[in-house]
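Got your viewer open? Let's take a walk through this one, stop by stop.

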Amino acid sequence: MDTARLLRTLPSLLAAGAIALLGAGVVTVVAHAGAAPPAAPVGAHGGGHGTHAGHAGRSVTDLTGPRDGVPDVAFTLTARHAAVTLPTGATVDALTFDGTAPGPELRVRAGQLVEVTLRNLDVDEGVTLHWHGLDVPNAEDGVAGVTQDAVVPGGEHVYRFRPEQVGTFWYHSHQDSARTVPRGLFGVLVVEPAAGSGPDAVLAAHTWDDVGTVVDGPARRDTVGRVRLVNTDSVTQDWTVTGGPFTVLAIDGTDVDGPTPLRGTVLRVPAGGRLDVGLTGPATVGIVDGPAVGFGTDPEPPAGDGPVFDPLHYGTPAPPETGPFDRDLTQVLDTERVTQRGVPSIVWTINGSLHPEPATVTDGELVRVTIRNDGTDPHPMHLHGHHVRVLSRDGVPATGSAWWTDSLGVEPGETYEVAFRAANPGIWMDHCHNLAHASAGMVMHLLYEGVSTPFEHGGGAGNTPE
Ligand SMILES: [Cu+2]
């Protein structure tokens, strides 16, 4: 563990007001408070103007979606303050897209040219749009200071992409996200098959300060085939389905092949993750100890005492990914207790560091990553721009339908092996989606050799992606 680097980084975080004392020796992360973190060697984070690691240099600004052509579907989202009345009846002072939280549900079809215009009316923190789980071209990824400047009040930014993945996704700001996403800067994105799909219901769960966890969705509905569960929080959500048997149709926007019936199973959705559930009859879908929605029946209290769903062995077995792998990467996640200037603090590290060095890959490589959690907290790891396939957990090979994920909950003590094809050039965030952890520095980048960025942390737009 590189304690020296950790301690070098910490003072500037403390100086920036990034970490505040909460209670007896427990810290929480509140903000970067406008100060730029220390310099890192890549422009993706730290105030540099990027590296040109290869001779065939490319800028993220060239890695766009289709710039020409009339969009098949166009949306405008305006970020603004608004009072939002939640399903519980409580009213919150929220940051919103178009005055609602969640923001408007965006529904598109695979292959369409999608254009989204983001405007910022009055959100002083700045705003971007990140398409969580959708592997868009790098310039459309919406990460302030990496792929664009944050959109300041009065500003505008246009995103254009042609989604090929079908499934359940969501969007959220990736500027000061630890503060602004919990306050409402998020919404659901559904990509339907080109030919359309059957009826579905979206249940997006979000925890609001002083209110608790609420589910945005229908209060009660006739039986539907597909229920899309979306975790917009920074912590795990446990869902249950009470009533008839059900199936898990998709994980993080990728269909499960040959899903088999489940009954009483707890569906554990990591922060940022999505599960599509197939109902076979009247059922209640709800959060354990939280709100529930009845489908073809009145809602019942969720049970939550069954076994936890395990995608490792679910569905029709797919041929394993055996390589050969062109590159092996390792991420050791940890919880560090440090005392700096007499202030006891907890920080969460990757390979012993806050904001560790980027991992470099070459376009086309098949990459294997070992992710080990040596710490005491779960870490929902989210690599932008790619889906990873789980190979094994704690040495036990995945034997079910290919488990593709973009939000992988790594529990304390667990080790995952995952693999992905490096086929989407750019500079991609790879971070914990517990946004407080990310804000404190649990963030690294995947850097394609030869790609640079003109954007920087801080700067005139106050770029602060975490
Ligand atoms: Cu974490």
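**Stop 1: a cavity.** Start inside, with the second largest cavity, which has a volume of about 70 Å³. A cavity here is a set of points on a 1 Å grid over the protein atoms alone, where a 1.4 Å probe fits but cannot get out. Grid points are joined across faces, edges and corners, and the volume is the space filled by probe spheres set on the points. To see the walls, select the lining residues, among them Ile251, Phe309, Tyr314, Trp403 and Trp404; a lining residue has an atom within 4 Å of a point. The structure holds three cavities of 30 Å³ or more.

A quick word on what you're looking at: this is a predicted model, where local features need pLDDT of at least 70 and side-chain atom pairs count only at pLDDT 80 or more, while totals for chains, interfaces and linings use all residues. Residues are numbered from 1 along each chain as its sequence is written, and side-chain values use heavy atoms, with hydrogens and water left out.

**Stop 2: the copper ion.** Which residues hold the copper ion? Select His379, Cys432 and His437: they coordinate the copper ion through ND1, SG and ND1, in that order, at 2.0 to 2.2 Å. Donors are N, O and S atoms within 2.8 Å of the metal (3.2 Å for Na, K and Ca), and water is not among the atoms, so sites may look incomplete. Along the chain, the donors are spaced as H-x52-C-x4-H. Cys432 and His437 are both buried, meaning under 20% relative accessible area (exposed is over 50%, partly exposed in between, with a 1.4 Å probe and protein chains only).

**Stop 3: salt bridges.** Side chains of opposite charge can pair when their charged atoms come close. The rule used here asks for a side-chain nitrogen of Lys or Arg within 4 Å of a carboxyl oxygen of Asp or Glu, and it gives 20 salt bridges. Try these three:

- Arg179 and Asp176 meet at 2.8 Å, N to O. Arg179 is partly exposed at 37% relative accessibility, whereas Asp176 is buried at 9%.
- Arg228 and Asp200 have their closest N and O atoms 3.1 Å apart. Arg228 sits in strand β15 (residues 226–231) and Asp200 in strand β12 (residues 200–208), so the pair ties together parts 28 residues apart in sequence. Both Arg228 and Asp200 are buried.
- Arg393 and Asp310 come to 2.7 Å between their closest N and O atoms. Arg393 is in strand β28 (residues 388–393) and Asp310 in the loop between β22 (292–295) and β23 (327–340), so this pair ties together parts 83 residues apart in sequence.

Strands, by the way, are DSSP runs (E, at least two residues), numbered from the N terminus. Now add Glu105, Arg107, Arg109, Glu192, Arg226 and Asp276 to Arg228 and Asp200, and you have a network linked by salt bridges.

**Stop 4: a sheet.** Switch to cartoon view. Look for an open sheet of five strands in the order β25-β34-β33-β27-β31, with mixed pairing. Which strands form its edges? They are β25 (359–361) and β31 (408–410), each pairing on one side only. Two strands pair if DSSP finds at least two bridges between them; β25 and β34 (residues 443–448) are parallel, with three bridges. Zoom in on Val361 to find its bridge partner in β34, Tyr448.

**Last stop.** Select Val332, in strand β23. Val332 and Arg372 are 40 residues apart in sequence, yet 4.9 Å apart in space, C-alpha to C-alpha.

Technical notes
Helix = DSSP H or I, 4+ residues; strand = E, 2+ residues; numbered from the N terminus. 1 Å grid on protein atoms, 1.4 Å probe; cavity = no way out; pocket = protein on both sides within 12 Å on 5 of 7 lines; lining within 4 Å.
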